[in-house]
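Work through the exercises below with the sequence and the model at hand. Each task is followed by a solution in steps.

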Amino acid sequence: MFQREQKEAFVSNLNGTSLQEVALGSLIAPLCFLNRGLVMILYYQAQGTLVFPLPQVSHLLLDFSLLVLPVVLSSTVLSSVLHHVTVGLVAVSAGLCCYINSGHQQNPPGPFLQSRVRFQQVPFVTVSRVFVNVITAISILAVDFPVFPRRYAKTETYGTGIMDFGVGAYVFANALVCPEARKRNDAGSKTENLRKQLTSVWPLVVLGFLRLVSIRMTGYPEHVTEYGLHWNFFFTLAIVRVAASLVFAVFPAGCSWVLAILISGFYQFVLESSGLKAFIFHSTDRHSSFLHANREGVFSVLGYVAIYMAGVQVGLYLMQPRMRVIDWLRAIFRLLLGSFVLYVALYLCQTLLEPVSRRLANLPFCVWSVAQSLLFISSLGVADVVLLFSRRMLDCQSLPSSWNLSKTPMASEKKPVGTEHCLVRAISRNQLLFFLVANVLTGLTNSTVDTLTCSSAFSVCVLFTYMFTNCFVMHVLHLCRITVKFW
C-alpha cells in the first residue's frame, strides 16, 4: 500500500513544461521519419533495390532503431539536451540529403512541383497517427520511472506537459480519419449511419470496464484527479465518438469548425460564469455520487468533443483530391498558417481567460491541442515532400509509407517495396490493439518492477524491451495479414 501511495504521489501535483519545449519535442518524430527515409534511399543508391537481406528482421530493426529508439531517448536520458538532439537530427538530415543529391543534375523546381503523386491514403496523416500511438505508448510506461522528466507528465491543474498534449492529439488523430472526415456517411440514411457509429464504440466501452476492473483487482496506482475514480481514457474516447455522431446526425460535417468553436466557447463560458470550475478543482467529496467521483472525466468530454470536431474539419480538408506536389505544398503551408494563428489565439486565451488545463479540457487546452497537432502533421508533410524530392533525383522506387510519383508504371503498383515489412504500416493496421497491448505491458511491468528505484540505464533498457515487444507483435500480425477488428 505504501508503494502504491508513493507511485501516486510521483505522478501528482506536477506543473508541466513550456509551450516551446513541447513544440520542439514534437519535431523529433518528423526528423526520425525523414532520416529513416533518407537511409533507405541511400541504401537504394548503393544497391539499386530496397529489398534488404532477411527483410522480416532487418526492416523491423531498421524502423525500430530509426523511428522508435530516438523518441525513447529524447523522452528520457536526452531530455535535458533536447535542443541539441533536434539540431543533431537536422544536421544528419541535411548531410544525408546533400550526399544523396550530390553528383546528380538538379531538375528545375517547376517540373518537380508540377509532378503528380498517387496514394491510397494521405501518407503523412497515417504516419502522424502512428507516431501519436508510439509516443503515447512510450509515455504511459516511462512516466513511472524517474528517468522520465516530471515536467513531461500530466499536469495537476494548469500547465502544458507532453502527456497533456498526448491525450488531445490522440482524439484529434482519431477524428482525422473518422467516417465523417472521409465522407463515408454520405450514402445511406443518417439513422443508419448513426447506428453504425454507436455500435462501433462497444470495444472502447469494454476496454474501459476491463481497465477499471483490473485496477481494482490488482491495486494498480492511479491518479484520481486525472479522470476520476471510475472513469478512464477509453470511456472518454467512446463518449466523444457517440456525442460527435449525435451532432453529425443533425449538422453537416462541413461546419465542424463552427461546432468546435461553439462547443469549446460555451464550455469555457460555463466554467467562468458558474461554480463548475470550483466544483471540478476543489470539491473534496468523491463518494456522494457518480458525478462527484468522476467530475474531471465527465465534464472534460465537452473539450474533447470540440477537439474531435476540429480534427474532422482538418480531415475533410486533407481528404480533398490533390494530385500535384504544389497542391500538397499549399495544403501543408495552410496547416502551418493555421497552427500559427491558433498559437496567437492561445496567447490571447491565456492572457484574457486562464492557462491551459488538461484536467478541465478548457478552451485554451482545445486551442493548444489543435495548434500543436497541426504543427506536428505539417512537419511530417514537409518531411515527406523532402523524401519525394530526394527519391525523384535518383528515380528511386516506392518508399514505404510515403508518396509515390504517378510516373511509376501502374503494373508495378501491386504493392510498394517494403510495405509488408514496414513498421508504420504494421502499427497502422492495428492501432487500437497497439494501444491495448501497450496498456497491458505497462501493467505487467509495473507489477514486476519497482519503477521508482530503477537506475536510468535500467529504465531505458526496460523501455526498449517494452516498445520492441509491442512493435514485434504488430509486425508479426502485419506479416500474417491479420487485422484485429471484428466490430
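**Exercise 1. Compare the expected span of helix H18 (residues 363-394) with the distance between its end C-alpha atoms.**

Solution. Helices (H or I, at least four residues) are DSSP runs, numbered from the N terminus. The expected span of a helix is 1.5 Å times one less than its number of residues. With 32 residues, H18 should span 46 Å, and its end C-alpha atoms are 47 Å apart, so the two values agree.

This is a predicted model, in which local features need pLDDT of at least 70 and side-chain atom pairs count only at pLDDT 80 or more, while totals for chains, interfaces and linings use all residues. Residues are numbered from 1 along each chain as its sequence is written, and side-chain values use heavy atoms, with hydrogens and water left out.

**Exercise 2. How many residues of H18 are buried?**

Solution. Buried means under 20% relative accessible area, exposed over 50%, and partly exposed in between (1.4 Å probe, protein chains only). In H18, 29 of the 32 residues are buried, so the helix is largely enclosed by the rest of the structure.

**Exercise 3. Find the residues at Ala 361, Asp 395 and Arg 481 and state the sign of phi for each.**

Solution. Start from the general rule: most residues other than glycine have a negative phi.
- Ala 361 is not a glycine, yet has a positive phi of about 55°. Ala 361 sits in the loop between H17 and H18 and is buried because its relative accessibility is 0%.
- Asp 395, just after H18, also takes a positive phi of about 55°.
- Arg 481 has a positive phi near 55°. Arg 481 belongs to the segment after helix H21 (456-479) and counts as exposed, at 56% relative accessibility.

**Exercise 4. Describe the surroundings of Ser 26.**

Solution. First, place the residue: Ser 26 lies in the loop between helix H2 (19-25) and helix H3 (28-47). Next, its relative accessibility of 8% makes it buried. Then list its contacts (heavy atoms within 4.5 Å): leaving out residues up to four places away in sequence, Ser 26 touches Gln 372, Leu 375 and Phe 376. Finally, the side chains of Ser 26 and Gln 372 are joined by a polar contact of 2.7 Å. A polar contact is a pair of N or O atoms within 3.5 Å; within protein, one must be able to donate a hydrogen and the other to accept it, and residues adjacent in sequence count only if both atoms are side-chain atoms.

**Exercise 5. Which parts of the chain does the salt bridge between Arg 151 and Glu 21 tie together?**

Solution. A salt bridge is a side-chain nitrogen of Lys or Arg within 4 Å of a carboxyl oxygen of Asp or Glu. By this rule there are 10 salt bridges. In one of them, the side chains of Arg 151 and Glu 21 meet at 3.0 Å, N to O. Arg 151 lies in the loop between helix H7 (123-142) and helix H8 (162-176) and Glu 21 in helix H2, so the pair ties together parts that are 130 residues apart in sequence. Arg 151 is partly exposed, at 29% relative accessible area, whereas Glu 21 is buried at 14%.

**Exercise 6. Is Glu 296 buried or exposed?**

Solution. Glu 296 is buried, as is Arg 286. Their side chains meet in a salt bridge of 2.6 Å, N to O.

Note on methods: Helices (H or I, at least four residues) and strands (E, at least two) are DSSP runs, numbered from the N terminus.
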